[in-house]
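Good morning, everyone, and thank you for making the time. Please have the sequence and the model open in front of you, and I will walk through a few parts of it in turn.

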Amino acid sequence: MSKVSGFPHDLTPSRVASLDEAVEIKSLKTRGPVLGVGRMESIRLWPGMQLMRANMRGQAAYDAMIRGIAGLVVEVRLHGESRSREIGGPRRARLQSGSLEIAGCPVPAQWHVQAPAQEVFATVAVAYDGPFVEGLGDAAPELAARCTALMEREGLINTQASQHSLCIAQRLLDTDIHHGSAKLQLAAGAMDLLASAFDELKCPALQDDRMSFVRDYIAQNPGADVKIADVARAARMSPTTLKARFRSAHGRSIGAVMKERRLRLAQEMLENGCGVKDVAHRLQYSSSDSLTRALRQASESELSD
């Protein structure tokens with residue numbers, strides 16, 4: 001493959017595999033010995049901040065297994081496309097030209113990434129580890145809180161990148177790292193990208209499938225022995241994040257909904273001829289009197305409303 005001006009070397013699978021400990025490509029299958037003509041590199045900008053960038057021409061189709069670091073990753077795709085899925089997890093992503101993706105990864109994750117053959121492939125990703133995100137608290141507490149929440153929920157958010165984000169990503173891609181102040185410029189640009197990315201999250205909220213799972217879980221497990229921590233564990237998020245997201249989605253606390261579901265089931269069982277003592281035992285009320293008192297309070301509350 002001939003050299004292309006501005007892209008100094010052929011990118012081979014062995015060169016990609018040796019990026020560094022931040023992004024480790026376990027195996028890489030391509031249709032030929034050359035992945036593309038250009039560069040793919042990982043640069044440690046600051047403690048806890050890593051820049052990964054690729055700028056290639058004539059990229060061959062590839063199929064890779066990649067280990068991503070734990071933390072928050074913001075990626076802007078300038079040209080090209082790819083699909084990825086988490087190995088052993090539910091997350092999926094597709095990035096295309098002009099799109100931005102934010103991924104929260106509390107622990108290192110294995111990803112299967114596929115990309116078709118394409119004339120131009122250019123992407124910029126910045127990874128921030130947990131301590132770095134926590135350190136944002138003094139300077140930007142709201143941003144730090146949003147970063148932490150996103151990492152806890154392990155979600156993927158895809159949006160169309162704004163012109164501002166695309167310009168920052170292009171600057172991160174084009175900066176000559178051999179320049180004396182390059183890392184300082186890159187670090188500043190990376191922080192700019194993080195801030196602009198979160199501004200773009202003001203777009204309409206995506207459907208929260210995890211909350212649908214939570215509602216189903218509560219409906220199927222109405223007993224008192226099921227705690228909020230159990231629901232959070234099943235939904236793969238922290239109890240704090242679960243409470244906040246449930247209230248945001250439904251305008252009520254998850255504890256109140258769990259209590260209401262249990263009481264409604266008790267009413268249905270009584271209407272179907274079950275005795276008070278049996279219902280209290282099966283739904284783990286402390287006594288028949290406790291169940292009767294809860295039913296009376298619920299009835300009085302409905303009347304007052």
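**A covered strand and its surroundings**

Let me begin with strand 9, residues 99–105, which is mostly covered, since seven of its seven residues count as buried. I should say at once that what we are looking at is a predicted model.

How are the two faces of strand 9 covered? On one side we find Ser99, Glu101, Ala103 and Cys105, and on the other Leu100, Ile102 and Gly104, and all of these are buried. As background, the side chains of a regular strand alternate between the two faces of the sheet.

Turning to the partners of this strand, strand 6, which covers residues 71–79, runs antiparallel to strand 9 and is joined to it by seven bridges; within that pairing, Val74 has Ile102 as its bridge partner. Strand 12, residues 156–160, also pairs with strand 9 in the antiparallel sense, here over five bridges, and in this case Ser99 is matched with Gln160.

I would like to stay for a moment with Cys105, which is found in strand 9 and is buried, with a relative accessible area of 5%. Although Cys105 and Gly71 are 34 residues apart along the chain, their C-alpha atoms are separated by 5.0 Å. If we leave aside neighbours within four places in sequence, Cys105 is in contact with Ile69, Ala70, Gly71, Arg91 and Met151.

Arg91 also appears in the surroundings of Ser84, a residue that lies in strand 7, residues 82–86, and that touches Arg91, Arg92, Ala93, Trp111, His112 and Val113 when residues up to four places away in sequence are not counted. Is Ser84 buried or exposed? Its relative accessibility is 17%, so Ser84 counts as buried, the cut-off being under 20%.

Next, the nonpolar cores. The largest one has 37 residues, and those with the most contacts inside it are Leu72, Val126, Tyr128 and Leu194. Helix 5, residues 182–199, gives the most to this core, with seven residues. A second core, separate from that one, has 19 residues, including Leu35, Met40, Met56 and Trp111. Going back to Val126, its contacts beyond four places in sequence are Met49, Gln50, Leu51, Leu72, Val73, Val74, Leu172, Ala190 and Leu193.

One of those contacts of Val126, Leu172, brings us to helix 4, residues 163–174, whose 12 residues reach 16 Å from the first C-alpha to the last, close to the 16 Å expected at 1.5 Å a residue. Its buried residues are Ser165, Leu166, Ile168, Ala169, Leu172 and Leu173. Why do we place these on the same side of helix 4? Because they cover an arc of only 165 degrees around the axis. In general, an α-helix has 3.6 residues a turn, so residues three or four places apart point the same way. The buried residues of helix 4 pack against strand 3, strand 4, strand 6, strand 9, strand 11 and helix 5, which returns us to the strand we started from.

Finally, please look at helix 9, residues 254–271, where the 18 residues should span 26 Å at 1.5 Å a residue, and where the end C-alpha atoms are indeed 26 Å apart. Its buried residues are Ile254, Val257, Met258, Arg262, Leu263, Leu265, Ala266 and Met269. Just after helix 9 comes Gly273, which takes a positive phi of about 100 degrees.

Conventions
Residues are numbered from 1 along each chain as its sequence is written. This is a predicted model: local features need pLDDT of at least 70, side-chain atom pairs count only at pLDDT 80 or more; totals for chains, interfaces and linings use all residues. Side-chain values use heavy atoms; hydrogens and water are left out. A nonpolar core is a set of buried Ala, Val, Leu, Ile, Met, Phe, Trp, Tyr and Cys residues joined through side-chain atoms within 4.5 Å. Buried means under 20% relative accessible area, exposed over 50%, partly exposed in between (1.4 Å probe, protein chains only). Helices (H or I, at least four residues) and strands (E, at least two) are DSSP runs, numbered from the N terminus. Contact means heavy atoms within 4.5 Å. Two strands pair if DSSP finds at least two bridges between them. The expected span of a helix is 1.5 Å times one less than its number of residues. The arc is that of the directions from the helix axis to the C-beta atoms.
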